[in-house]
Every structure is written in C-alpha cells, then in structure tokens.
Amino acid sequence: MTNGFIRIAAASPAVKVADTESNVASILQIAEKLEEQGVEIAVFPELCVTAYTCGDLFHSSTLLDAARAGVERIAEWSAGKNIHLIIGAPMAMDGCVANCAVLVRDGVTDIVVKTYLPNYNEFYERRWFAPAPKNQTTVFESHGVRIGIEICEDLWVPAPPSSFMALQGAEVIFNLSASDDVIGKYAYTRELVKQQSARCLAAYAYASSGVGESSTDLVFSPKLLIAENGTLLGANDRWNESDNTVVADIDIEAIRRDRLHNTSFAECARINGFEQKFTPSLQCDIDFGHTLAGRKITPRPFVPADDTLRDERCTEIVNIQTSGLATRLSAIHCSKLVVGISGGLDSTLALLVAVRTFDKLGLDRSGIIGITMPGFGTTDRTYDNAMELMRQLGVTIREISIAAAVTQHFADINHNPQLHDVTYENSQARERTQILMDVANAENAIVLGTGDLSELALGWATYNGDHMSMYGVNAGVPKTLVRYLVHWFAVRAESEKLKTTLLDIIDTPISPELIPADAHGNIKQKTEDLVGPYDLHDFFLYNTLRYGFSPSRIYYLARQAFAGEFDNATILKWLRVFFRRFFNQQFKRSCLPDGPKVGSVCLSPRGDWRMPSDASSAIWLAEIDTLRP
C-alpha cells in the first residue's frame, strides 16, 4: 500500500475444463503481468484451477489431486513475490469436497469455503460440494489492508458473509464467481456489486469465469468488476476475450475515514457482536512520485464527466432547490420574492430556480421582484444580460443605482472614494443588501440569497452584505457546478433569446464588479485572479469535507488530477490560500441563512459543518509549508 492506496485486480483467464495444468499456466501468466503492474492483490474466478463446469468430475480423485497440485504450484510461484493471489479450486476435506477460495501469500495458503451453494435451475452445487460451517467470516491481512473473501452465491443472499466481514474490519471484499449469461443478469450483478460496496463502506472486487467454460447448456462470459463505496471504478468488456483483467487503486484512507465518520457503521458492528479495530490514520509519508495507474483522480469531483449523468445530476439538484424554496414559501404563506440580479452566474441560477418554483406553486411570476443595482464596477455586458434575463422570464424589473447612496456613505464615514480598498468594496455590497431587505419589507416578500457553496468555503462574501438573505437557494451548490446548472436551463429555455442570454452569462468572467471597469469597459476585477481558480478550490473543498484528507494528501491527489492543467507551484499556492481562508472565514458560515443541501458536501452550521470560528489553522498551514512544488 502506498499513500493510502492499494492496487488490486480482478482477472479471468481462459480455462480448459478439467485441464489443471493448462489452467494453472494461464493463471500464472496473468499473475506475472499483474505483478509487473504493481498489483498487490488479485482475485481470480470460482474454481478456476479446474474450471467451474466439471460436473461429476469434481468427485474424481484424479481431478482433486491435480487441483491440489495446481494450488501448490501457484503457492511455490508466489514465494518472494509481492502480489497476493486469490484463486478458486475444489478441495477434498473432512470427508467431502468443498468449493474453495485459496488465498496465496508468499508461498503460504489460507482457505475459505463457499458458504451458500445454489441448488436451482442450472446450478446443482450441492450435488458435488458441502457448504462452509455457519458464520464463516474470516478476515485476513494483506499489505496492511484487511480483506474478506466470499464466493459467488454468497453475495446474492439476504445477509452476505461480506457484510459481517466488513463489520469485523474488512476494507476490501473479493468475490470469486462463475455466473452464466442470461438477459438482464449482468446489469443486476453490476448494481449488486456497487450496492454491496456502498453498504459495507468498502471496496468490492468481483471476478467471474468465462472463456473456455462448457457451453453444453449455458454460456459464460468473463465479468470483472471493481467498485468502491458505491462507485464502479472498473469493468471489462465481457465479450472481448482479450480484455481479461481490470486494475484499480483503492483508496483505503477514504474508506477508513468514512467508517470513522459514519458512526452507525461501528454501532452496527457492536450490535452484531463484532469488535471494530479501526486505524484512524495511515501515518505514512507521501511518495509524490507514485502514480495511480489504476485510478483516475477526477479534477472536478462535483461535476460528472458523463453528459447523461451530468444532466441527471443537474435535474436532481434543480428539483431539490425548487422543492426547498416551494416548501419555505408555502410554510410562511409568502407569494413574493426579492432577488438581486447582477448578470452573473449565481444570481441567474437563483432567479431561474425562483421562476420554476413560482410556476410549480401556480404563482404569478410578477411576484418575483428582480432588482438590478448598478454601481461603480458594473459593465454594460452584465447590466444588459441582467435586464434581458428578467424581461425574458417575465418577472417584475426594478433598477436602483447604488452610486449616489454609496457616495453619500463614503462622505458620512470620511472614506476617500479613490481608495479602492475593502471599505470601498463592502460598502457597495452592504448597500445592495439593504435595498433588497427594505424592498422585501415593503412588498411583504423575502430576499432570496444567491451565494454558492464555494464562496461560503472561502468566505468570499461581505459579512452582512451578500452574505445575508432569508433563504439561500444556492448554498449547497459548488461554483464548478453552477455553470452547468445554468446550461441545464439554457437547453430548456422558453425562447431562443433567453437561451442566448444564458449562454452569454455562462461565458462572462466571474466577478463581484466592485472595482471600476478597464478603459475599454471590460470587467477588471476577476474573482479567480484574487482568490484562485474555483476548479482547484472545489477540489480542495471536496477532499477536505468529504474525506478529511490532510493537506499533503490533497496536494498529492491534485498533482495527479490537474497534471498538464496547473503546475505544482500553482496548486500549492492556492492550497495554502484555501486552508487559510477556510479557517479564518468560519465566522461567516456560523450565521448562515437557511438553504437546501443538494450533495454529500455542505457547510450548514446547523448540521453538516460545525467548527468554532476561532479554530486555529496552524497545523494545517505548517504541514503545507513543508511541501515543495
């Protein structure tokens, strides 16, 4: 295991029925290649030493002796090797034959017997094999990781042995299988593997036999699946005979953190009489030269790469936002909203959700009061987009310039308007919020907040300015996902003009527009120039909140995720900014308005993230200071 990751594989060699010499040679040929790839544990199919479809030959002493000799040959090969193998073989024991998984480690073997034997339709295993003793849930140690082993049918029963293995501490489950192909079965198996990995808070590697199995009545294709905590990391093309291995790097540190954080997991273990032995931290030095060849680190963890999945995710989020706002409006018997429209992404998303909510509730869109408040930094592009957006959506439009009020305020507090400092910027943000709140009072409405999750993480909001509202509809949405949500609305736009406006808003640089534009009237103050790229910050945020990773590990993962996009010095620079701001801006999150949670990561002080506002970032920043580009 390196950097908290262990490299595992699922493999399915071609077999010849009852030809153990040939089968062992095939197993070792693949094992050699996996060893070269740095694989530490590999699982092979059920009864792969003999093939699964031997029938009554399983009671032949000739075949059983050959199988035992084959296992011994594999054990001899493994001596001095780093890779550990899990292979399937029939074994004569205690006056009967058992369907076994054999764990081979450096010349030593351990045996696990199949617990549940199918005895229906095409499978009659009880004709040949005896089941394991009750409650056989042995957990083994391999490369610093606790593993469990079950065989085929064991996964399909109501209470799989792997569930109890996980409760005993198994972090990776291996399944040796022989599953025939009938319509719909493969899709079901995939979901079963994913769900079991999620339920057990573990990784699950599944290897099923295929090429060479008897086709007398059934067809077998090699099915190789590796999942981690509900996510499928790898699968082969089961109809491509040459695609016979799947390799994945399993994040053991993430699994251990999830089990620590999910207190019901340990409670379930205790209730069922299992002692949980948990390692809170791997306490290992990071090898920054180690490449995760068996795992793709996604640079944008909040944004699905697949178009279809991303569209589904956006649909779900919009429905959550709409439902949350609709529930709040109904609960307080309110039929009016006030929302500030800047022509930027966040306020656009909030307005779109508001319109969708009003339509759902059967309310007149005129009850949505969109207010654009041009100031010293407002550009023609954002102003025009804000106005056109409101016109196309049919909401009530108000324009209230803040220039005169803020200029008077500067005079009142004796601030030089030529000094473009934090006072200059925040005075504008607070004036806008005051306008929104006072209009809401006058209209018997509530103010809809527009700030997003990423801004909350960085504290990129003016305290008691845009930081405050009466319902923050975007509070659970990270910045990297906002533009995709706006695009979701764009492709469903009611008119071509609305679609064009939304697409231009998506292409507009992110800016608070609190500093005057440049000589050409373009946005001068770009947020990502000041606080850093949101792609990086959302990556840092996800790995900090979702897994509690250390700065060193986040830096290691970011280097791999953003290779070719950001250099190491840039990643390290903004990592320090993230942790510094994340800690010292907590006071803004401690008094957030209500808002809907939409994903696994959220910063609500009432549930998801409870941190003292005066917590010190010293040990996190000290660790970052030891890192080098």
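**Entry 1: Leu201**

I started with Leu201, which sits in the loop between α4 and β11. I am working from a predicted model. Phi of Leu201 is near 50°, a positive value in a residue other than glycine. Is Leu201 buried or exposed? Leu201 has 8% relative accessibility. The cut-off for buried is under 20%, so Leu201 counts as buried.

**Entry 2: helix α4**

Next I went back to the helix just before Leu201. α4 has 15 residues. From first C-alpha to last, α4 reaches 21 Å, close to the 21 Å expected at 1.5 Å a residue. I then listed the buried residues of α4: Lys185, Tyr186, Thr189, Leu192, Val193, Gln196 and Ser197. Their arc around the axis is only 125°, so they lie on the same side of α4. I noted the general rule beside this. An α-helix has 3.6 residues a turn, so residues three or four places apart point the same way.

**Entry 3: the six-stranded sheet**

I looked up the sheet next. Six strands make an open sheet, in the order β8-β9-β10-β11-β12-β13, with mixed pairing. Its edge strands are β8 (139–142) and β13 (231–235), each paired on one side only. From one strand to the next the twist averages 25°. Helix α4 (residues 185–199) packs on this sheet and touches β11 (203–208), β12 (224–228) and β13. The direction of α4 makes about 30° with that of β12. I checked α5 (residues 252–261) as well. Helix α5 lies across β9, β10 (172–177), β11 and β12. The angle between α5 and β9 is about 90°.

**Entry 4: strand β9 and its partners**

I followed β9 in both directions. On one side, four bridges join β8 to β9 (residues 145–151), and these two strands run antiparallel. Phe140 has Ile147 as its bridge partner in β9. Ser142 has Val145 as its partner there. β8 and β9 form a hairpin with two residues between them. His143, in the turn, has a positive phi of about 55°.

I then turned to β10. Five bridges join β9 to β10, and these strands run parallel. Glu150 stands opposite Asn175 in β10.

How many residues of β9 are buried? I found seven of its seven. Val145, Ile147, Ile149 and Ile151 point one way from β9. Arg146, Gly148 and Glu150 point the other way, and these are buried too. The general rule for strands goes here. In a regular strand the side chains alternate between the two faces of the sheet.

**Entry 5: Val113**

Ile151 of β9 led me to Val113, since it is on the contact list of Val113. Val113 belongs to strand β5 (residues 108–113). Its relative accessible area is 9%, and Val113 is buried. Leaving out neighbours within four places in sequence, the contacts of Val113 are Met93, Ala98, Asn99, Cys100, Ala130, Pro131, Ala132, Gln136 and Ile151. I also took one long distance. Val113 and Gly521 are 408 residues apart in sequence and 75 Å apart in space, C-alpha to C-alpha.

**Entry 6: the nonpolar cores**

I asked which residues have the most contacts inside the largest nonpolar core. They are Leu351, Leu448, Phe539, Phe540, Leu541 and Phe582, in a core of 89 residues. I picked Phe539 and listed its contacts, leaving aside neighbours within four places in sequence. Phe539 is in contact with Ile297, Thr298, Pro299, Pro301, Ile554, Leu557, Ala558, Ala561 and Phe562. A second, separate core has 29 residues, including Val24, Ala67, Met91 and Val113. A general note fits here. In soluble globular proteins, nonpolar side chains tend to be buried together.

**Entry 7: Ala51 and Ser347**

I had two residues left to look up. Where is Ala51? Ala51 lies in the loop between β2 (41–43) and α2 (61–78). Ala51 is not a glycine, yet its phi is positive, at about 90°. Ala51 is buried, with a relative accessible area of 0%.

I closed with Ser347, in helix α8 (residues 345–361). Ser347 is buried, at a relative accessible area of 4%. Not counting residues up to four places away in sequence, Ser347 touches Gly340, Ile341, Ser342 and Thr450.

Notes: Residues are numbered from 1 along each chain as its sequence is written. This is a predicted model: local features need pLDDT of at least 70, side-chain atom pairs count only at pLDDT 80 or more; totals for chains, interfaces and linings use all residues. Side-chain values use heavy atoms; hydrogens and water are left out. Two strands pair if DSSP finds at least two bridges between them. Axes are lines fitted to C-alpha atoms, for helices over the stretch in contact, and angles run from 0 to 180 degrees between N-to-C directions. Contact means heavy atoms within 4.5 Å. The expected span of a helix is 1.5 Å times one less than its number of residues. Buried means under 20% relative accessible area, exposed over 50%, partly exposed in between (1.4 Å probe, protein chains only). The arc is that of the directions from the helix axis to the C-beta atoms. A nonpolar core is a set of buried Ala, Val, Leu, Ile, Met, Phe, Trp, Tyr and Cys residues joined through side-chain atoms within 4.5 Å.
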